[in-house]
Amino acid sequence: MEASANPFQSALKQFNRAADILDLDDGLRKILSTPERCLTVAVPIKMDDGRIEVFIGHRVQHNTARGPAKGGIRYHPSVTLDEVKALASWMTWKCAVVGIPYGGAKGGIACDPKRMSRGELERLTRRYTAEISIIIGPEKDIPAPDVYTDAQTMAWIMDTYSMNRGYAVPGVVTGKPLAIGGSLGRHEATAQGCVFVIREAVKALNLPLDRARVVVQGYGNAGSIAARLLHEQGATIIAVSDSRGGILNSKGLDPMKVLAHKQETGSVVEYPGTEAVSNQELLELPCDILVLAALENQITAANAPRIRAKLIAEAANGPTTPEADDILHERGIFVLPDILANAGGVTVSYFEWVQNLQELWWDLEDVNERLEETMVRAFNNVYALHEEKNVDMRTAAYVLAVDRVAEALRLRGLFP
Ligand code: NAD
């Protein structure tokens, strides 16, 4: 069934489309279709009730031709090695699209963090860090937050790694709290970067942002902040959702009040003055901009014919399957692909890492100016290729990224 499409197969299809356009040779195709390193670890921890539970975790480094591996860590019941491989490869392409000197990695643990206590999550994080510490480090692989991990998780990783070294190593993770070497602007970076490229896209599409009606799927770090920033630009947020369901008010929602309600009750559902909508209904609402900020495989061949947005911004990784992409493209729906639209997170992670290595701090304006410059340049590069090659924005972004990684591989040559 497509709704559970294997994300790594989707990632390979997207890569191969670009490889065909670039006429990439077979050897490079083989190298770039195979992650460099996949580490699967058992993570045994003592639960609060005294039982021992064993979780399965992964860390995948997809490609490091352009620099150290970089990518988030996800805690979710549906984490599999193939999902982590896909997410790692998307990181390779994403870093190349925005031109930051990193390769791609990703990590994850199959667990249900909502059913775990803070103590259990801390033990899980520390044991997982110890298990993957043989391949991570500030000069080789630098984790960051992803779904259901946050600045606190990063603080535990940084502490565990540092305890084993005997000195503080802030550069081993990004997305840390400010007090231990985090960067100003990192918390908002994914959403901020996404909103910068939405702003550029609506200019190109002649769609005034201050009159846009926006739907946001997923109300976590990326989705809730994107909703707030778009609201601040004058857009009307008509519907949002989280894992428990969606809410709709066609007159508009106040994103900060919705967030306060979610923080209080655990979900956006039952926010006063709204109508309940299912996640499926939410995706098919008529709107100008649909921001996808939850998980993979949300737009598939099954619902793509019914999507009524003019512009889709993929704050999430892999929310659209390749089959759905073709349908959206035919229907003239403009998609800002994940490897461009959510690259703000890794861009400010890169700034955080640079600050850590230099032991020097940038102010918020500095961070946001550099982020804006990076995102606008990446958008313009991708948009130019989209027009020049008459391909959708995702294919254009892949062409740009694959070409850059392939060039690095050619220059480095094959060892031995
Ligand atoms: P998060 O844990 O902060 O939020 C995830 C949100 O999605 C939660 O509100 C959750 O309730 C909701 N959700 C889960 N399943 C859902 C479903 N079926 N329907 C609707 N909502 C659902 O995670 P995040 O960091 O905001 O990540 C969201 C997406 O953005 C992921 O795809 C992630 O890979 C991507 N992303 C995040 C970052 C980052 O810096 N945090 C960077 C790049 C990409």
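Here is an informal chat about a predicted model, covering its salt bridges, ring pairs, surface patches and backbone oddities.

Visitor: How many salt bridges does a search of the whole structure find?
Guide: The criterion is a side-chain nitrogen of Lys or Arg within 4 Å of a carboxyl oxygen of Asp or Glu. Run over the whole structure, the search gives 28 salt bridges.

Visitor: Which side chain does arginine 123 meet in a salt bridge?
Guide: Arginine 123 sits in helix H4 (residues 118-132), and its partner is 75 residues apart, in the loop between strand E1 (37-46) and E2. The N to O distance is 2.9 Å. The partner is aspartate 48.

Visitor: Is aspartate 48 buried or exposed?
Guide: Arginine 123 is partly exposed, at a relative accessible area of 34%. Aspartate 48 has 52%, and the cut-off for exposed is over 50%. So aspartate 48 counts as exposed.

Visitor: How many residues apart are arginine 74 and glutamate 296?
Guide: These side chains meet in a salt bridge, 2.7 Å from N to O. Arginine 74 belongs to strand E3 (residues 69-76), while glutamate 296 is in the loop between E10 and E11, so to speak a link between distant parts of the chain. Both residues are buried. Along the chain they are 222 residues apart.

Visitor: Is glutamate 200 buried or exposed?
Guide: Glutamate 200 forms a salt bridge with arginine 199, with the closest N and O atoms 2.9 Å apart. Arginine 199 is partly exposed at 22% relative accessibility. Glutamate 200 comes in at 9%, and under 20% is the cut-off for buried, so the label for glutamate 200 is buried.

Visitor: Which residues do salt bridges that share partners join into one network?
Guide: Arginine 74 and glutamate 296, the pair with the 2.7 Å contact, belong to this network. The full membership is Arg74, Glu83, Lys106, Asp146 and Glu296.

Visitor: On to rings: what is the angle between the planes of tryptophan 93 and tyrosine 398?
Guide: A pair of aromatic rings is described by the distance of the centres and the angle of the planes. There are nine aromatic pairs by the rule used here. In this one the centres are 6.3 Å apart, and the pair is tilted, with the planes at 50°.

Visitor: Where are tryptophan 93 and tyrosine 398 along the chain?
Guide: Both residues are buried. They are 305 residues apart, and their pair links distant parts of the chain. Tryptophan 93 is in helix H3 (residues 81-98) and tyrosine 398 in helix H14 (residues 393-412).

Visitor: Why is the pair of tyrosine 350 and tryptophan 353 tilted?
Guide: Both residues lie in helix H12, three residues apart, about one turn of the helix. Their ring centres are 6.3 Å apart and their planes are at 35°. Stacked needs under 30 degrees and edge-to-face over 60, so the pair is tilted.

Visitor: Which residues do ring pairs link into a cluster?
Guide: Tryptophan 353, buried at 11% relative accessible area, is one of the members. The cluster is made of Tyr102, Tyr350, Phe351, Trp353 and Trp362.

Visitor: Which residues gather in a patch of negative charge on the surface?
Guide: Aspartate 363 is one of them, in the loop between helix H12 (344-358) and helix H13 (364-389). Aspartate 363 is partly exposed at 43%. The patch holds Asp363, Glu365, Glu369 and Glu373.

Visitor: What accessible area do Ile52, Val54 and Ile56 have together?
Guide: These residues form a nonpolar patch on the surface. Valine 54 is in strand E2 (residues 52-63) and is partly exposed at 47% relative accessibility. Together the patch has about 280 Å².

Visitor: What is the phi of glutamate 270?
Guide: Most residues other than glycine have a negative phi. Glutamate 270 is in the loop between helix H8 (255-265) and strand E9 (275-277), and is exposed at 72%. Its phi is positive, about 65°.

Visitor: What is omega for the bond that joins phenylalanine 415 and proline 416?
Guide: Most peptide bonds are trans. Proline 416 is in the segment after H14, and the bond joining it to phenylalanine 415 is cis. Omega is about 10°.

Notes: Residues are numbered from 1 along each chain as its sequence is written. This is a predicted model: local features need pLDDT of at least 70, side-chain atom pairs count only at pLDDT 80 or more; totals for chains, interfaces and linings use all residues. Side-chain values use heavy atoms; hydrogens and water are left out. Patches are made of residues with over 30% relative accessible area and no salt bridge: like charges are joined within 9 Å, nonpolar side chains (Val, Leu, Ile, Met, Phe, Trp, Tyr) within 5 Å. Accessible areas come from the Shrake-Rupley method with a 1.4 Å probe; for residues, only the protein chains shown count as cover. Lys and Arg count as positive and Asp and Glu as negative; His and the chain ends are not counted. The place of a charge is taken as NZ of Lys, CZ of Arg, CG of Asp or CD of Glu. Helices (H or I, at least four residues) and strands (E, at least two) are DSSP runs, numbered from the N terminus. Buried means under 20% relative accessible area, exposed over 50%, partly exposed in between (1.4 Å probe, protein chains only). Rings of Phe, Tyr and Trp (its six-membered ring) pair if their centres lie within 6.5 Å; planes under 30 degrees apart count as stacked, over 60 as edge-to-face and the rest as tilted.
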